[in-house]
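Open the model in your viewer and set it to cartoon, with side chains ready to switch on. The tour below goes from one selection to the next.

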Amino acid sequence: ELREYHTRHRESLSRARHHIEDERLQEALEEIETVFRAPAVDPAIRAEAGALGDDPRLQRARLDQWLKGLDWRAFELEVAQLFIRMGYEAYATKPSGDEGVDVRAWKGQEFAVVQCKHWKKGHVGLDVVKSLHQTKVDESATLAILVTSSTVDPGARRWAEAKNIDVIDGQKLVVLLHEFYMAPAVQPAAQ
């Protein structure tokens, strides 16, 4: 019976490797998790599963999954934490009456207003970008940054680029989270 378990576990890892090669990352994660949840896993097989799970593509897939599970407020708080890890002094504003600013961040002479859009479907449109630009002007900010878990409409992205508004879409956000959450936090520079 133990050999049968080991055979099944090895088959799961083999499928996981194939899924990784085919960029079917969610399926690879499921196979690896199957091994970790299974009874009587040989320590060598568990170590092999752990090593597969350390693949940066799978780590980014896990981060993407985690992001999708957050509610809008937790998303704003995590974005503030990301800015802190990137070397900013930052805080999430109160949930209501934020006047279009979800995170305020400072680094040196730089003052950024950040608008967060945690959308599970659809694109962030031009109206959001224009509103953020006006907020940048009203707040005398040096930077305006749109952070979304989704995508940005191509027209809105072009308009943002023309107005020097930084756009961090869902894909770029996962890359930044991977980079800054897998590295030690950077301490903000003294003012």
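Throughout this tour, two residues touch, or are in contact, when they have heavy atoms within 4.5 Å of each other. The model is predicted.

**The sheet**

Start by colouring the strands. Five of them form an open sheet in the order β1-β2-β3-β5-β7, and the pairing is mixed. At the edges are β1 and β7 (165-168), each of which pairs on one side only. From one strand to the next, the twist averages 20°.

Now add α5 to the selection. This helix packs on the sheet, where it touches β1, β2, β3 and β5, and its direction makes about 175° with that of β1.

**Strand β3 and its neighbours**

Select β3, residues 110-117. Is this strand enclosed or open to the outside? Six of its eight residues are buried, so β3 is largely enclosed by the rest of the structure.

Look first toward β2. The two strands β2 and β3 pair in the antiparallel sense over five bridges, and Trp 106 stands opposite Phe 111 in β3. The hairpin that β2 and β3 form has two residues between the strands, and Gly 108 there takes a positive phi near 60°.

Then look toward β5. Here the pairing with β3 is parallel, over six bridges. Two places to check are Lys 117, which stands opposite Thr 148 in β5, and Gln 115, whose bridge partner in β5 is Leu 146.

**Gln 115**

Stay on Gln 115, which is found in strand β3, and show its side chain. Its relative accessibility is 10%, and because buried means under 20%, Gln 115 counts as buried. Which backbone atom does the side chain of Gln 115 reach? It reaches the backbone oxygen of Gly 100, at 2.5 Å. Leaving out residues up to four places away in sequence, Gln 115 touches Gly 100, Val 101, Asp 102, Val 128, Leu 132, Ile 145, Leu 146 and Val 147.

**Val 114 and the nonpolar core**

Step back to Val 114. With the same sequence neighbours left out, Val 114 touches Val 79, Phe 83, Gly 100, Val 101, Asp 102, Val 103, Ile 145 and Val 147.

Several of these belong to a wider selection. The largest nonpolar core has 26 residues, and those with the most contacts inside it are Val 79, Phe 83, Val 114, Ile 145, Val 147 and Leu 173. Elements giving two or more residues to this core include the helices α4 (56-69), α5 (72-85) and α8 (170-181), along with the strands β1 (89-92), β2 (103-107) and β5 (143-148).

**Helix α4**

Select α4 next. At its N-terminal end, Asp 55 acts as a cap: a side-chain oxygen lies 2.7 Å from the backbone nitrogen of Arg 57. At 1.5 Å a residue, the 14 residues of α4 should span 20 Å, and the end C-alpha atoms are 20 Å apart, which agrees.

Show the buried residues of α4, which are Leu 58, Gln 59, Ala 61, Leu 63 and Leu 67. They pack against α1 (2-21), α2 (25-37), α3 (43-53), α5 and α8.

**Glu 48**

Finish in helix α3, where Glu 48 lies. Glu 48 counts as partly exposed, at 28% relative accessibility. Apart from residues up to four places away in sequence, Glu 48 touches Arg 10, Leu 13 and Arg 17. Draw a C-alpha to C-alpha distance from Glu 48 to Leu 13: the two are 35 residues apart in sequence and 8.1 Å apart in space.

Key. Residues are numbered from 1 along each chain as its sequence is written. This is a predicted model: local features need pLDDT of at least 70, side-chain atom pairs count only at pLDDT 80 or more; totals for chains, interfaces and linings use all residues. Side-chain values use heavy atoms; hydrogens and water are left out. A nonpolar core is a set of buried Ala, Val, Leu, Ile, Met, Phe, Trp, Tyr and Cys residues joined through side-chain atoms within 4.5 Å. Buried means under 20% relative accessible area, exposed over 50%, partly exposed in between (1.4 Å probe, protein chains only). Helices (H or I, at least four residues) and strands (E, at least two) are DSSP runs, numbered from the N terminus. A polar contact is a pair of N or O atoms within 3.5 Å; within protein, one must be able to donate a hydrogen and the other to accept it, and residues adjacent in sequence count only if both atoms are side-chain atoms. The expected span of a helix is 1.5 Å times one less than its number of residues. Two strands pair if DSSP finds at least two bridges between them. Axes are lines fitted to C-alpha atoms, for helices over the stretch in contact, and angles run from 0 to 180 degrees between N-to-C directions.
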